[in-house]
Amino acid sequence: MASALTDKLTRLVKEMRGQARITESNVQDMLREVRMALLEADVALPVVRDFIARVKEKALGQEVLGSLKPGQTLVSIVNRELAATMGEGVADINLAAQPPAVILMAGLQGAGKTTTTAKLAKHLIEKRKKKVLTVSGDVYRPAAIEQLKTVTKQAGAEWFPSTPDQKPLDIARAALDYAKKHYFDVLLVDTAGRLAIDEALMKEIKDLHAAINPVETLFVVDAMQGQDAINTAKAFKEALPLTGIVLTKLDGDSRGGAALSVRQITGAPIKFAGVSEKIDGLEVFDAERHAGRILGMGDIVALVEQVTAGVDMEAAQKLAAKVKSGDGFDLNDFLSQIQQMKQMGGLSSLMDKLPSQLTAKAGSLDMDKAEKDIKRKEGIIQSMTPLERRKPELIKATRKKRIANGAGVHVQEVNRLLKEFEQMQGMMKKMKGGGLMKMMKRMGG
Ligand code: GDP
């Protein structure tokens, strides 16, 4: 995983160099990456196809602004498109109804309906100051009714009793009646789920919907469900006018591609995300953050932006061309490399932006020390004369001493820098193009 991401990152940055527009030919490779990332994140195939087509259309022929390069532009387009696809709509629960506002919970068994019902109850009590009643229509599993009772208590809401010998419709009507008489603001109706879609279940929940006329019909779906989410979502959308989605179990290690599939299939906004088994594990869904998760790139957009914004691309390209053409790589170029690294905002801030899978690998590096080291090197080179920088072979004992004095370091450090420069020079000769990321890797460890 870590190495695949590293490769992706390196490739994206490489793509950024030298090309001014996104074209049919350079966009293909990049889109293939994005497609892979989406499939790996378990976005359903038809949804991926649609998405890629939309991105391609947006990307093709786009003039690249300022110093932005195709790789960066494409990543931005993908990220924006992902976030826009998942993020439109009203985020919070709609309670604009004659009280009690009824909220119907729908979804497969195990999706997290009961847990989410209690989480929502807590949210509505604490954030919206509402008086909340819950009721379970799951007459097939007595344990489910008990479970709702327990978690409702934890949420600080009131629970309306039901028993397995009752009909779900009668339970819901009785609860609604009770809620009206006792001035509840909200009634949350938990429903029976099945392990798979079945006709009887769908008819039951449709009838329930017709009888209680909910202001919100929330589809609860497990983020780990992956490719199957698309079929479940289709079935529930056909049965019910869904008003929102709750994506549960986002604390798991799935990349959460189900979000995109379910959003596209149902057209309903994703309102909340379940992020733990606990009663307070509910968050308002953050589409932008989720886009990054789906692409598996951490805050890669910010990283790419930082790398290109801070660095003088023209200088970087000149240097790259120089190396490529075989012109000597001297200490001035070495200094310019060091300064480019500084412009990127320092190593540690750069590391913060990388996906955690990547930084875990670099965990043993002492970033502070590395940054100080860069500053000292800069100081040493700046104490050299222009001639010395162009012809480092001139730097012998007396010159070394003078340079060390000027930079306030020991002669050994000057020696070390010269040695490092020689190694770098050797490396640059081998390396076509002089990629910044390659540089970073070498210098970082
Ligand atoms: P239901 O059958 O749809 O009512 O599902 P439940 O509410 O009983 O949840 C099924 C399982 O998923 C339970 O073990 C829950 O604790 C767990 N669960 C629900 N939501 C989340 C979540 O957001 N994160 C995690 N980690 N577990 C969850």
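Visitor: In which loop does D42 lie?

Guide: This is a predicted model, in which local features need pLDDT of at least 70, side-chain atom pairs count only at pLDDT 80 or more, and totals for chains, interfaces and linings use all residues. Residues are numbered from 1 along each chain as its sequence is written. Helices (H or I, at least four residues) and strands (E, at least two) are DSSP runs numbered from the N terminus. On that basis, D42 lies in the loop between α2 (24-40) and α3 (45-59).

Visitor: Is D42 buried or exposed?

Guide: A residue is buried if 20 or more other C-beta atoms, placed from the backbone, lie within 10 Å of its own, exposed if 12 or fewer, and partly exposed in between. D42, which is not a glycine, has a positive phi of about 75°. With 23 C-beta neighbours inside 10 Å, D42 counts as buried.

Visitor: Is K129 buried or exposed?

Guide: K129 is found in the loop between α5 and β2 (132-136). Its phi is positive, about 55°, although K129 is not a glycine. Because 8 other C-beta atoms lie within 10 Å of K129, this residue is exposed.

Visitor: How many of the 16 residues of α5 are buried?

Guide: The buried residues of α5 include K113, T114 and L124. The helix is largely enclosed by the rest of the structure, because the buried residues number 12 of the 16.

Visitor: Which helix gives the largest share of the shell around the ligand?

Guide: A residue counts as near the ligand if its C-beta atom, placed from the backbone, lies within 6 Å of it. Of the 17 residues around the ligand, G112, K113, T114, T115 and G274 come nearest. The largest share of the shell, 3 residues, comes from helix α5 (residues 113-128).

Visitor: Between which domains does the largest nonpolar core lie, and why?

Guide: A nonpolar core is a set of buried Ala, Val, Leu, Ile, Met, Phe, Trp, Tyr and Cys residues joined through C-beta atoms within 7 Å. Of the 85 residues in the largest such core, I103, L187, F219, V221 and L247 touch the most other members. The largest share, 6 residues, comes from strand β1 (residues 101-106). Domain bounds come from an automatic or database domain assignment, and both domains give residues to this core, so it lies between domain 1 (2-89) and domain 2 (101-284).

Visitor: Which residue is joined to P100 by a cis peptide bond?

Guide: P100 is found in the loop between α4 (70-87) and β1. The cis bond has an omega of about 0°, and the residue that it joins to P100 is P99.
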